[in-house]
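Trainee: Could you take me through one strand of this model in close detail? I'd like to hear about its neighbours and its burial.

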Amino acid sequence: MEQQNHVLGQSIRRMDAVGKVTGETPYPGDIDLDGQLWMKIRFADRVHARVLAIDTSRAEAYPGVVAVFTAKDVPVNEYGLGTFDQPVLCGPGSAKAGADIVRCVSDYVACVVAETEKIAAEAVKLLDVTYEDLPIVVDAEAAMRDGAPQLHADVPNNIMTHHRIRFGDMDAGWAQADVIIEGEYHTGYQEHAYLQPEAGLGYLDEEGRITVLVAGQWVHEDQEQVAHALGLPEDQIRIIYPAIGGAFGGREDMSVQIVLALAAWKLNQPVKIIWSREESIIGHHKRHPMILRSKWGATRDGKVVAAEATVIADAGAYAYTTPKVLGNANLMVTGPYAIPNVKVDSFGVYTNNIPSGAFRGFGGPQGAFAAESQMNKLAEALDMDPIEIRLKNVLREGTIFCTGTPLPPGVTLDRVLQDGAMQSDYWDCVEAQWRKRPVKHHVDGAKRRGVGMAMGFKNIGFSFGAPEQNWATVEIHGDGQIERVVVHQAGADVGQGAHTIFVQMAAEAVGVPVEMVELLGHDTATNGTSGSASASRMTFMAGNAIKGAGEMALHKWLDEERPAIATYQYRPPATTALDPETGACKPNFSYGYLAQFVEVEVDVETGFVDVVRVVSAHDVGKALNPMLVEGQIEGAVVQALGYAVMENLVTKEGRVMNPYLSTYLIPTIWDIPREVKSVILEFGDPEGPWGARGMAEMPFIALAPAITAAIHDATGVWIDQIPLLPERVVSEMRPHGLGVI
């Protein structure tokens, strides 16, 4: 049979588009079962306290209440993505040491199951919880000091992660430097604000397995954590994802999975829960707030010869993905540059704040904010164009990074930077000299215009030696000719269009139209593990697995094995862990590369920053579905704009002061840039499926420092803290005589 080669590279309509537009597609909150009960959770009433007693009698006596579960009902009562440091339910009677202590307001102390949602909501208020308050610490630097309240007994000074880089000779580097720039950068929380708050349904399936319908990012990881917390074999737990209403890293960690499984198991009845937006904002983790202190030195000709940085991240009360997020920030705080002398210390610190964890970019945006700001300041100090100074320093094929190893083959940072600059319409290159085009800074009254840029890189896949794999099975059915292709692939489609790409890749591998392909996914009962829909890895990993399985199945089919069924496990090139003293390692098997160019308008009287235009250039290796690639770029730019300019989660003494979308503001149609120009470059990853690289996080990485560079171009003022709230911008402008009436 003749192979067809027209499926990939085409902007095929998403397979879930019609159902989602019409409302026919069911999300977890839309699904009901006969005889289902309803659950409500009692969150902690304290920031840090010992739970002395929970009197459940009033709640249990409330008409319509079926059960109340507390810590004593959870067999193992611990969970965590990498570190089992959080109780499922906090309170007395647990087998887990320390489970009687609440460490943040996100902790659960009990859950009530009742005949209706309203009854459960009323009854949960009737739980009488007796606390013994404990000292709190909500400042990460204060938490590191001797004598600070200790959140976890086995973690001295609350430092749960400390990564280092020691590369080259710092004394020699500083001696070579003609210019030294120092800066301190602050980044804030960010709420994921996905469309669908946490919701789910627990029940026993036809084979007696405890089954949870929920939204997440890795069905097999959810299965593992539920099984562990309940002390049950994994094959007794089944996780199914219906449609997922967004994630961005916010669904990597547990929310309602374990308590739904517990209730369904104990009661042998379906149990449902839907969180309010307030519960969602309080109940799941946020992007890490960080303090980043940087000192960079360069020679007069623009070569960066030394870079030193300290990163302090507020991990909140539990580990979540902090060690991995800090690993990324540790690499990216000195940027995608070949710097011969580097010293970095990155700390993840426990506090009594809400937990911090995975969020699109995964430590990269914070690191890039410091690194790119430093590079832009060096360019100014040396009177060099920001493109020119980057081209002198950017990592290239074979260049040794500060980990002591080169980046994997396929490094295209210089090409992305140059192509992006040329297509931005803001830069010219004449006789190999880069110059920014003149900008009319004064627009109207107090408004100033400016242009800025930044660049970056982001790992694809799990890092630092974490095991990587992805399984796929492809079935080819038919007699004389192929009639149907079935793909088993568990990778989560969290709204990014992954399932459409899976179908396209399977069709390409087998040589059939996409209409012939059926996908079975999101179910631990029918699929091998895919790994998480995170780290920009799913197209790369699932693509290689589907490609391998499809080619094997096609070979069997051509040998007249009917049906032809093949299973393939893809494992990428190995990575290695950071050396705890030097940071030496082979951290990642692939990267995505980007450069961003921004035009802003700043009102120096009101402090309002209007991001007028964004040009976002990316090497995606191969655009398997160009429309979906553009969607990822545009969505990430808008989300990054919110992070940089307006999203401001306010906490006070560990409590969230604005847990609503009416007070935690995200960009609306009136806030987004007038144009987002996607520059899609296809240079090909040697290891990627059909050359594709992951790219979902990359457009987020460099936008904030590009915006602050544009503000500086407009006003002459550097702002080193985000978000760029009007009051913050005004306060930075006033000392420079701007906006003074």
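Mentor: Start with V600 in β24, whose bridge partner in β25 is V611. Before going on, note that this is a predicted model, where local features need pLDDT of at least 70, side-chain atom pairs count only at pLDDT 80 or more, and totals for chains, interfaces and linings use all residues. Residues are numbered from 1 along each chain as its sequence is written, and side-chain values use heavy atoms, with hydrogens and water left out.

Back to the strands, which like helices are DSSP runs numbered from the N terminus (E, at least two residues for a strand; H or I, at least four for a helix). Two of them pair if DSSP finds at least two bridges between them. β24 and β25 (residues 609-619) run antiparallel, joined by 10 bridges. Five residues lie between the strands of this hairpin, and G607 there has a positive phi near 80°.

β24 also pairs with β19 (residues 447-459), again in the antiparallel sense, over 13 bridges. There, E601 of β24 sits opposite R449.

Now the burial: 13 of the 13 residues of β24 (residues 591-603) are buried, so the strand is largely enclosed by the rest of the structure. Buried here means under 20% relative accessible area, with exposed over 50% and partly exposed in between (1.4 Å probe, protein chains only). In a regular strand, side chains alternate between the two faces of the sheet. In β24, Y591, Y593, A595, F597, E599, E601 and D603 point one way, while G592, L594, Q596, V598, V600 and V602 point the other way, and all are buried.
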